[in-house]
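Visitor: I would like a close look at one part of this protein, namely how its helices pack against each other. Please take me through it step by step.

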Amino acid sequence: MSKFFMYGTELQDIEQMMMLVPNFIPRRSGVVVVKKLEYENEGVTCHDCDRYKHSRCHDNTLSCFAEKVAEGEICYEKIVNAYYMNFKSYSLKKRLEHLIRNFNGDIFLNPIHHSRFNTILKLQNESMKNRKHTYLATLFLLTADDNLCRIAKDHIYQSSFDFKNMRLNGINTDGYALYQTARTIYTGIEHIKMSEIADETLIGIDAFKAIINATMIARYGAEVFQINS
């Protein structure tokens, strides 16, 4: 039985729209934020590297990245611009420029966000560097918002997340965006579009920062937390 009372009638579409979180548009075609992000064995163009040959890096990409972060050769602006260079949206680029310009050296939104994230990892008693990139990015998003973290905390497990049983009662638009981006990163299935993320009237500054930083974590892993400039 359909959950929609108006299923099969001319009012079906209107009823579905009314069930959405306010201001979010229905899923249609468009640019996906991220798909299944597993880059552990993927090479990248790296002109700065001594081991660079023929447009690809022949050493372990992420080891190289970790070394460059430790040596201060990789900054926040560089990784954000590199990741989003192929997105043509003017509104997105404008928001990214503002985000980069105001980066304060902390990937987390604030100390409370940092504390929530670290507390869960400590309870699990496993090194951050041993966790999958997508797991860290998902946890980063689910702990970024007070209400979302309260809703999600009983559904966060050692190696998985139970999104199906997270009840989004009382959540605001930013929390909903964080939740949907977390689902997208973790499952590889589109739940939010870049056009929504880029819309500053729809998603606030803090939620936007958390989403962008989460995509960096999903790409590069725990080393992103060491970037401070």
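Visitor: Before the helices, how many disulfides does the structure hold?

Guide: The model is predicted, and it holds zero disulfides. Cys75 has 27% relative accessibility and therefore counts as partly exposed. Cys149, at 9%, counts as buried, because the cut-off for that class is under 20%.

Now the helices. Two packed helices are described by the angle between their axes and the distance between the axes. Take H5, residues 111-124, and H6, residues 133-142: they pack at an angle of about 130°, and their axes are 9 Å apart. That angle makes H5 oblique to H6. The crossing of these two helices, H5 and H6, is right-handed. On the H5 side, the residues in contact are His113, Phe117, Ile120, Leu121 and Gln124. They meet Tyr135, Leu136, Leu139 and Phe140 of H6. Sorted by class, this contact of H5 with H6 has seven nonpolar residues, two polar and no charged.

A second pair is H8, residues 173-187, with H10, residues 205-220. Here the packing angle is about 10°, with the axes 10 Å apart. Angles under 35 degrees count as roughly parallel, and H8 and H10 are therefore roughly parallel to each other. From H8, the contact takes in Asp174, Ala177, Leu178, Thr181 and Ile185. Facing them in H10 are Ala207, Ala210, Ile211, Ala214, Thr215 and Ala218. The contact of H8 with H10 divides into eight nonpolar, two polar and one charged residues.

How values were computed:
Residues are numbered from 1 along each chain as its sequence is written. This is a predicted model: local features need pLDDT of at least 70, side-chain atom pairs count only at pLDDT 80 or more; totals for chains, interfaces and linings use all residues. Side-chain values use heavy atoms; hydrogens and water are left out. Axes are lines fitted to C-alpha atoms, for helices over the stretch in contact, and angles run from 0 to 180 degrees between N-to-C directions. Helices (H or I, at least four residues) and strands (E, at least two) are DSSP runs, numbered from the N terminus. Angles under 35 degrees count as roughly parallel, over 145 as roughly antiparallel, 65 to 115 as roughly perpendicular and the rest as oblique. A crossing is left-handed if the near helix is turned anticlockwise from the far one by less than a right angle, and right-handed if clockwise. Contact means heavy atoms within 4.5 Å. Ala, Val, Leu, Ile, Met, Phe, Trp, Tyr, Cys and Pro count as nonpolar, Asp, Glu, Lys and Arg as charged, and the others, Gly among them, as polar. A disulfide is a pair of cysteine sulfur atoms within 2.5 Å. Buried means under 20% relative accessible area, exposed over 50%, partly exposed in between (1.4 Å probe, protein chains only).
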